[in-house]
Amino acid sequence: MRYIKRVLDISHDLERKSQFLFGPRQTGKTSWIREELDGVSYRFNLLDKKLVKALQDDPALFAGMLRREGIDSGLVVVDEIQKLPFLLDEVHNLIESTDIRFLLCVFAIGNQQKYQKNSALFPKPQFIFFSTI
């Protein structure tokens with residue numbers, strides 16, 4: 001698949017704060033991270049079913065994986081965070097207790113009932129945008 005360069009420059013914001021990246025499927029969120037974002041300390045890809053199952057069984061594994069890698073600062077990407085909304089508690093705890101900043105990627109889908117069933121925590125945007133937390 002051909003990468004289309006985006007005009008997004010949030011590197012300055014990511015040096016200071018965690019952020020959400022919202023957008024529909026196949027709009028280039030993951031590609032943008034891979035192609036444009038430098039300095040990612042760790043990346044959780046929640047499309048990995050084994051990882052999702054392990055984190056469902058033990059949410060504390062999330063912080064444990066970062067500790068094992070020696071990560072207590074820097075930028076951590078969590079792609080498809082809406083798959084495991086309870087991880088937001090782990091993220092919040094790490095934001096408060098470490099110098100880790102997070103880029104949390106969330107997809108927006110069209111069927112609002114299915115969306116609310118999966119998680120009422122996330123808004124339903126129609127385009128990619130960033131939100132500072």
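**An aromatic cluster and the packing of helix H4**

Tyr 42, Phe 44, Phe 62 and Phe 102 are linked into a cluster by ring pairs. The model in which this cluster appears is predicted, and the count of aromatic pairs comes to four. One of these pairs joins Phe 62 to Phe 102, whose rings are stacked, with 6.2 Å from centre to centre and 25 degrees between the planes. This pair links distant parts of the chain, since Phe 62 belongs to helix H4 and Phe 102 to strand S4 (residues 99–108), 40 residues apart. Phe 62 has a relative accessibility of 0% and therefore counts as buried. Phe 102 is likewise buried, its relative accessible area being 0%.

Helix H4 also packs against a neighbouring element of the fold. The axes of H4 (residues 61–68) and helix H5 (residues 87–97) lie 9 Å apart and form an angle of about 45 degrees. H4 is therefore oblique to H5. On the H4 side, the contact is made by Phe 62, Ala 63 and Leu 66, and on the H5 side by Leu 87, Glu 90, Val 91 and Leu 94. Classified by residue type, the contact of H4 with H5 comprises six nonpolar residues, one charged residue and no polar residues. Phe 62 thus takes part both in the aromatic cluster and in the contact between the two helices. The buried residues of H4 are Phe 62, Ala 63, Gly 64, Met 65 and Leu 66. Beyond the helix, H4 is followed by Gly 70, which has a positive phi near 75 degrees.

A positive phi is also found at a residue that is not a glycine. Most residues other than glycine have a negative phi. Glu 80, although not a glycine, has a positive phi of about 70 degrees. Glu 80 is placed in the loop between strand S3 (73–79) and H5. With a relative accessible area of 7%, Glu 80 falls under the 20% limit and so is buried.

Two further positions illustrate approaches between residues separated in sequence. Ser 18 lies in the loop between helix H1 (11–14) and strand S1 (19–24). Ser 18 has a relative accessible area of 5% and is therefore buried. The C-alpha atoms of Ser 18 and Val 76 are 9.1 Å apart in space, while the two residues are 58 residues apart in sequence. Lys 53, in turn, is located in helix H3 (residues 49–57). At a relative accessibility of 46%, Lys 53 counts as partly exposed, because this class covers values between 20% and 50%. Lys 53 and Leu 84 are 31 residues apart along the chain, and 9.9 Å separates their C-alpha atoms.

At the level of the whole fold, the protein chain has six helices and five strands. From the N terminus on, these elements follow the order α-β-α-β-α-α-β-α-β-α-β. Among contacts between residues at least 6 apart in sequence, 78% join residues at least 24 apart. The protein chain consists of 133 residues, of which 41% count as buried. The area exposed by the protein chain is about 8,000 Å², and carbon and sulfur atoms supply 49% of it.

Technical notes:
Residues numbered from 1 in each chain as written. Predicted model: local features only at pLDDT ≥ 70, side-chain atom pairs only at ≥ 80, totals over all residues. Heavy atoms only, no water. Axes fitted to C-alpha atoms, helices over the stretch in contact; angles between N-to-C directions. Helix = DSSP H or I, 4+ residues; strand = E, 2+ residues; numbered from the N terminus. Parallel < 35°, antiparallel > 145°, perpendicular 65-115°, else oblique. Contact = heavy atoms within 4.5 Å. Nonpolar A, V, L, I, M, F, W, Y, C, P; charged D, E, K, R; others polar. Phe/Tyr/Trp six-rings, centres within 6.5 Å; stacked < 30°, edge-to-face > 60°. Buried < 20%, exposed > 50% of the residue type's maximum accessible area, 1.4 Å probe, protein only. Areas by Shrake-Rupley, 256 points an atom, 1.4 Å probe, with all protein chains shown as cover.
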